[in-house]
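The exercises below ask you to work through a model from its strands and helices to its side-chain contacts. Please keep the structure in view while you follow each solution.

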Amino acid sequence: MKSAIVAIGTELLFGHTVNTNAAYLSQELNELGIDVVYHYTLGDNPDRLKRIVGMASEDCDLIIFTGGLGPTEDDLTKETVCEYLGEPLVYNQEAEERIKKHFERLNLTLSPNNRKQTYVPEHGEIFQNEVGTAPGFAIRKNRKVYACMPGVPGEMKSMWQRSLKPYLMKFEDAAIVSRRVELFGMGESLAETKLMDLISTQTDPTLATYAKQGNVEIRITSKRSTE
């Protein structure tokens with residue numbers, strides 16, 4: 001299974017917020033044996049998001065979106081993805097009850113625009129938010145999975161562990177295992193030269209060199225049916 005991670009939020013492009021979600025999800029997906037082949041980052045723009053959904057759908061079996069599920073007018077990830085998939089949004093009572101309880105626990109007043117977060121895909125697998133307000137979801141269509149989660153890292157990680165990860169494990173058919181070898185006293189070019197007979201003929205496992213501060217890392221990776 002090949003996947004793409006799409007991070008939505010203009011604050012990511014401005015550099016005000018670091019996209020830690022992509023790094024976290026990449027590690028988690030690889031542990032499930034799912035190859036991550038694309039990272040996309042874009043602002044709160046539905047037209048650009050539609051184009052990204054189309055591009056990612058050409059190559060990937062799984063597309064995960066983070067961010068843009070909030071209550072404000074520029075939070076349009078859910079609406080844009082569902083429009084692309086032809087999936088209607090319907091009211092979800094459980095989501096509204098959870099949002100109300102969340103505000104009560106924090107002793108805050110519920111804003112009318114939070115009702116926007118009570119609408120979810122009619123035919124999707126709904127992931128209720130245990131630590132925030134925005135529910136997430138996964139839709140399986142045309143043998144592909146489209147999943148949306150909040151952009152707040154704490155909410156995203158909670159939803160991933162509680163909901164999306166168990167959901168994806170139903171489709172697991174391989175395991176990816178990586179090991180690192182640290183080399184000191186030589187540069188990346190010399191390390192690659194010494195390993196070229198392995199690198200030039202590699203299939204599985206694969207080898208890749210990475211230049212670090214003061215050392216070179218060799219990453220050895222294998223993808224097989226089981227760990």
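## Exercise 1: the three-stranded sheet

The bridge partner of Val177 in S11 is Ser222. Task: find which strands S11 (residues 216-224) joins, and place them in their sheet.

Solution. Before starting, note that this is a predicted model, in which local features need pLDDT of at least 70 and side-chain atom pairs count only at pLDDT 80 or more, whereas totals for chains, interfaces and linings use all residues. Residues are numbered from 1 along each chain as its sequence is written, and side-chain values use heavy atoms, with hydrogens and water left out.

Step one: strands (E, at least two residues) and helices (H or I, at least four) are DSSP runs numbered from the N terminus, and two strands pair if DSSP finds at least two bridges between them. Step two: nine bridges join S9 to S11, and these two strands run antiparallel. Step three: the open sheet has the order S9-S11-S10, with antiparallel pairing. Its edge strands are S9 (175-183) and S10 (206-211), each of which pairs on one side only. Neighbouring strands of this sheet are turned by 25° against each other on average, direction ignored; axes here are lines fitted to C-alpha atoms, for helices over the stretch in contact, and angles run from 0 to 180 degrees between N-to-C directions.

Step four: helix H7 (residues 188-199) lies across S9, S10 and S11, running at about 175° to S10, where contact means heavy atoms within 4.5 Å.

## Exercise 2: the six-stranded sheet

Task: determine the strand order of the open sheet of six strands, and trace its pairings.

Solution. Step one: the order is S2-S1-S3-S8-S7-S6, and the pairing is mixed. Because S2 (35-42) and S6 each have a single partner strand, they stand at the edges, and one side of each is left without a neighbour in the sheet.

Step two: at one end of this order, S1 (residues 2-8) and S2 run parallel and are joined by seven bridges, with Val36 in S2 as the bridge partner of Ser3.

Step three: three bridges join S6 (residues 125-127) to S7 (residues 136-141), an antiparallel pair, in which Ile126 stands opposite Phe137 of S7. Five bridges then join S7 to S8 (residues 144-149), again running antiparallel, and the bridge partner of Lys141 is Lys144 in S8. The hairpin of S7 and S8 has two residues between the strands, and Asn142 there takes a positive phi near 55°.

## Exercise 3: helix packing and an aromatic pair

Task: describe how H2 and H6 pack, and classify the ring pair of Phe127 and Tyr167.

Solution. Step one: H2 (residues 20-31) and H6 (residues 153-169) pack at an angle of about 25°, with their axes 11 Å apart. This makes H2 roughly parallel to H6, since angles under 35 degrees count as roughly parallel, over 145 as roughly antiparallel, 65 to 115 as roughly perpendicular and the rest as oblique.

Step two: the residues that meet include Tyr24 and Leu25 in H2, and Met156 and Trp160 in H6.

Step three: the rings of Phe127 and Tyr167 have centres 6.1 Å apart and planes at 70°, so the pair is edge-to-face; rings of Phe, Tyr and Trp (its six-membered ring) pair if their centres lie within 6.5 Å, with planes under 30 degrees apart counted as stacked, over 60 as edge-to-face and the rest as tilted. Phe127 lies in S6 and Tyr167 in H6, 40 residues apart.
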